[in-house]
Amino acid sequence: MKTSNRASALVLAASAALGLAAPTALGQSQFQRLESPTSVSSRAVELARDDNRGGTARTVATIAAANRREAARPSFPVRGAFNWGQAAAAFGGPRGGRAHEGQDVMSRTGTPVVAVRSGEVLETGNDGGRGNYLNLYDPRMKATYVYMHMNRPPIVGAGDRVRSGQRIGEVGCTGSCFGDHLHFEIRAGRGIAGAARDPRPLLERWAVADHIPATLAAGAS
Ligand SMILES: [Zn+2]
């Protein structure tokens, strides 16, 4: 009888944990089966044994899901006051006989620069044109984001995985640059050989979503 009571309590608890209707009229043969250790699934027992542990597991799962959503959300690359600059700052603007292949985001030196999306750092380096640069591949969008003219070498390196919003460097004016800004490109595919597209529409959307208004006074960078 004692064993049957325990089995009955276990079934009720397991049923509740599994969201099932409580069994109300179990026949004797059913009780006998339930008394056997194999008659209730180990998962049901586990769920029924400790509601707190179930709660913790759900909380951890919720946090993990929130983290995944956050990582999937794009981020505006400059985390501070900025403006869109003059005509030459725009995609397609004149650049000594060729077209500007990115959008310049005018901002003060030292303003943090972050990954716009989660992805893999393909390359970092420094040369006379790009200054301190970083190429970030986004497997979700199958695109590569190019950052140029950063103040110092990026704080992440080739092969590193970064999350959207993770700091990678700071605004500067290294390389071929007039006025502190981040030069930002979006190129199709993995690497910088793919066609460049105008990043401005996406940048504008990301700035709004991140509540970063384009309020830096012209020429203030
Ligand atoms: Zn530029």
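**Figure 1. His 149 counts as buried, with 25 C-beta neighbours inside 10 Å.** Keep in mind, as you look at this and the other views, that the model is predicted. His 149 belongs to strand 8. Its backbone deserves a second look: phi of His 149 is positive, about 70°, although the residue is not a glycine. Most residues other than glycine have a negative phi.

**Figure 2. Lys 142 sits in the loop between strand 7 and strand 8.** Here is another positive phi in a residue other than glycine, with a value near 50° for Lys 142. Is Lys 142 buried or exposed? Lys 142 is exposed, because just 11 other C-beta atoms lie within 10 Å, and a residue with 12 or fewer is called exposed.

**Figure 3. The largest nonpolar core brings together 26 residues.** Those with the most contacts inside this core include Val 78, Val 113, Leu 182 and Phe 184. Tyr 145 and Tyr 147 are also in that group. Which elements each supply at least two residues of the core? They are strand 4 (103-107), strand 7 (131-138), strand 8 (143-150), strand 11 (181-188) and helix 5 (200-209). Strand 8 gives the most, with 6 residues.

**Figure 4. Phe 184 touches residues from several places along the chain.** Leaving aside neighbours within four places in sequence, the contacts of Phe 184 include Pro 77, Gly 102, Gln 103 and Val 105. Tyr 145, Val 146 and Tyr 147 are in contact with Phe 184 too, as are Pro 199 and Leu 203. One of these residues has an extra link: Gln 103 is the bridge partner of Phe 184, which lies in strand 11.

**Figure 5. Strand 4 is largely enclosed by the rest of the structure, because 5 of its 5 residues are buried.** In a regular strand the side chains alternate between the two faces of the sheet. You can follow this here: Gln 103, Val 105 and Ser 107 point one way from strand 4, while Asp 104 and Met 106 point the other way. How many bridges join strand 4 to strand 11? There are 4 bridges, and the two strands run antiparallel. Strand 1 (residues 82-83) also runs antiparallel to strand 4, joined by 2 bridges. In that pairing, Asn 83 stands opposite Met 106.

**Figure 6. Thr 111 lies in the loop between strand 4 and strand 5 (112-114).** A loop residue can be an interesting stop on the tour. Thr 111 counts as buried because it has 21 C-beta neighbours inside 10 Å, and the cut-off for buried is 20 or more. Beyond its neighbours within four places in sequence, Thr 111 is in contact with Val 78, Arg 79, Gly 80, Glu 170 and Val 171. Take Arg 79: it is 32 residues from Thr 111 in sequence, yet their C-alpha atoms are 6.4 Å apart in space.

**Figure 7. Val 208 is a residue of helix 5.** Val 208 is exposed, because 12 other C-beta atoms lie within 10 Å. Now find Phe 76 as well. Val 208 and Phe 76 are 132 residues apart in sequence, but 8.6 Å apart from C-alpha to C-alpha.

**Figure 8. Over residues 18-39 the pLDDT is below 50.** For the chain as a whole, the mean pLDDT is 83, and 74% of the residues reach 70 or more. Beyond near neighbours in sequence, the stretch 18-39 has 20 contacts in the model.

Note on methods
Residues are numbered from 1 along each chain as its sequence is written. This is a predicted model: local features need pLDDT of at least 70, side-chain atom pairs count only at pLDDT 80 or more; totals for chains, interfaces and linings use all residues. A nonpolar core is a set of buried Ala, Val, Leu, Ile, Met, Phe, Trp, Tyr and Cys residues joined through C-beta atoms within 7 Å. Two residues are in contact if their C-beta atoms, placed from the backbone, lie within 7 Å. pLDDT is the predictor's confidence in each residue, from 0 to 100. Two strands pair if DSSP finds at least two bridges between them.
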